[in-house]
Amino acid sequence: MSTFNKGIEKVEVTLKWDPSPSGTPDNDLDIIAATYTADAPHGDPAYLVHFDSRSPDGTITLNRDSRTGQGFGFDEIMTLELDRLSDTYARVVVGVAIQQGEGRKVFGDIENTAVRIREGYTDLAENDFAEVAEATAARVAEFTRDEAGQWRFRAALRGFDTDPDAFVSQMGG
């Protein structure tokens with residue numbers, strides 16, 4: 001658990017949405033984390049975590065990846081152990097992208113979407129994507145390391161109208 005002086009240590013990003021109506025293609029939303037080095041905090045990501053993967057050092061893990069939204073509550077979960085992340089990294093950006101399988105889909109097309117960011121039992125942010133209803137992807141959070149080496153959280157909702165591959169290169173900008 002973080003305090004004002006201690007900073008953020010370990011967070012969980014969770015995502016939910018309702019399944020597609022019967023007879024229509026599945027809606028597949030994905031949590032994506034991009035990690036940036038201290039010498040290029042706004043450059044290209046050092047690595048990405050998404051689609052059933054984890055970071056090379058095991059500090060960022062996509063614990064559960066749903067391709068349909070079926071289930072109760074939050075269907076997709078990513079854990080970020082920022083307190084274990086190497087000093088090489090100074091910034092982590094988290095986003096959500098809608099896979100564009102059959103036709104263009106935006107957040108407003110998908111029922112009951114929500115993302116929640118929490119540390120322990122404390123909710124840091126929750127959003128239903130209503131502000132970015134016409135977007136196909138959204139940046140939802142930014143974690144930055146301060147001068148003392150502690151991680152700080154900033155809610156950073158910003159919509160993008162792009163495919164998931166292009167989004168990963170744009171989300172940190």
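**View 1. Strand 2 and strand 6 run antiparallel and are joined by nine bridges.** Welcome to the first close-up of this predicted model. Strand 2 covers residues 29-37, and strand 6 covers residues 89-98. One pair to look for here is T37 of strand 2 with its bridge partner in strand 6, Y89. Strand 2 is largely enclosed by the rest of the structure, because nine of its nine residues are buried. Follow the side chains along the strand: L29, I31, A33, T35 and T37 point one way, while D30, I32, A34 and Y36 point the other way. Both sets are buried. That pattern fits a general rule: in a regular strand the side chains alternate between the two faces of the sheet.

**View 2. Strand 2 also pairs with strand 3, again in the antiparallel sense.** Here the two strands are joined by three bridges. Two residues of strand 2 make good landmarks: A34 stands opposite L48 of strand 3, and T35 stands opposite Y47 of strand 3. Strand 3 itself spans residues 47-49. The loop between strand 2 and strand 3 holds D44, which is exposed because its relative accessible area is 68%. If you would like a sense of scale, the C-alpha atoms of D44 and P19 are 34 Å apart in space, although the two residues are 25 apart in sequence.

**View 3. Five antiparallel strands make up an open sheet.** In what order do the strands of this open sheet come? The order is 3-2-6-9-10. Strand 3 and strand 10 are at the edges, and each has a single partner strand, so one side of each lacks a neighbour in the sheet. On average, neighbouring strands are turned by 20 degrees against each other, with direction ignored. As a reminder, strands of a sheet pair through backbone hydrogen bonds, either parallel or antiparallel.

**View 4. Y47 and Y89 form an edge-to-face pair.** This is one of four aromatic pairs in the structure. A pair of aromatic rings is described by the distance of the centres and the angle of the planes. For Y47 and Y89 the centres are 5.5 Å apart and the planes stand at 80 degrees, so the arrangement is edge-to-face, a class that takes angles over 60. Y47 belongs to strand 3 and Y89 to strand 6, so the pair ties together parts 42 residues apart in sequence. Are these two tyrosines, Y47 and Y89, buried or exposed? Both Y47 and Y89 are buried.

**View 5. F143 and F153 form a tilted aromatic pair.** Their ring centres are 5.4 Å apart, with 45 degrees between the planes. F143 sits in strand 9 (residues 137-145) and F153 in strand 10 (residues 151-160), so this pair ties together parts 10 residues apart in sequence. The two rings make a nice contrast in accessibility: F143 counts as buried at 0%, whereas F153 counts as partly exposed at 22%. In the loop between strand 9 and strand 10 you will find A148, which counts as exposed at 63% relative accessibility. The C-alpha atom of A148 is 9.6 Å from that of G7, a residue 141 places away along the chain.

**View 6. The charged end of R91 sits over the ring of Y36.** The distance from this charged end to the ring centre is 5.0 Å. Y36 is a buried residue of strand 2, on the side that D30, I32 and A34 also point to.

**View 7. T113 sits in the loop between strand 6 and strand 7.** Its relative accessible area is 8%, so T113 is buried. What lies 3.1 Å from a polar atom of the T113 side chain? The backbone oxygen of D128 does. Beyond its neighbours within four places in sequence, T113 is in contact with K16, W17, L29, F107, N127, D128 and F129.

**View 8. Strand 1 pairs with strand 5 and with strand 7.** Strand 1 (residues 10-16) and strand 5 (residues 76-81) share six bridges in the antiparallel sense. With strand 7 (114-119), strand 1 forms five bridges, also antiparallel. T14 is a handy residue to centre on: T14 stands opposite I77 in strand 5, and its bridge partner in strand 7 is R116.

Terms used: Residues are numbered from 1 along each chain as its sequence is written. This is a predicted model: local features need pLDDT of at least 70, side-chain atom pairs count only at pLDDT 80 or more; totals for chains, interfaces and linings use all residues. Side-chain values use heavy atoms; hydrogens and water are left out. Rings of Phe, Tyr and Trp (its six-membered ring) pair if their centres lie within 6.5 Å; planes under 30 degrees apart count as stacked, over 60 as edge-to-face and the rest as tilted. Helices (H or I, at least four residues) and strands (E, at least two) are DSSP runs, numbered from the N terminus. Buried means under 20% relative accessible area, exposed over 50%, partly exposed in between (1.4 Å probe, protein chains only). A charge sits over a ring if NZ of Lys or CZ of Arg is within 6 Å of the ring centre and within 35 degrees of the ring normal. A polar contact is a pair of N or O atoms within 3.5 Å; within protein, one must be able to donate a hydrogen and the other to accept it, and residues adjacent in sequence count only if both atoms are side-chain atoms. Contact means heavy atoms within 4.5 Å. Two strands pair if DSSP finds at least two bridges between them. Axes are lines fitted to C-alpha atoms, for helices over the stretch in contact, and angles run from 0 to 180 degrees between N-to-C directions.
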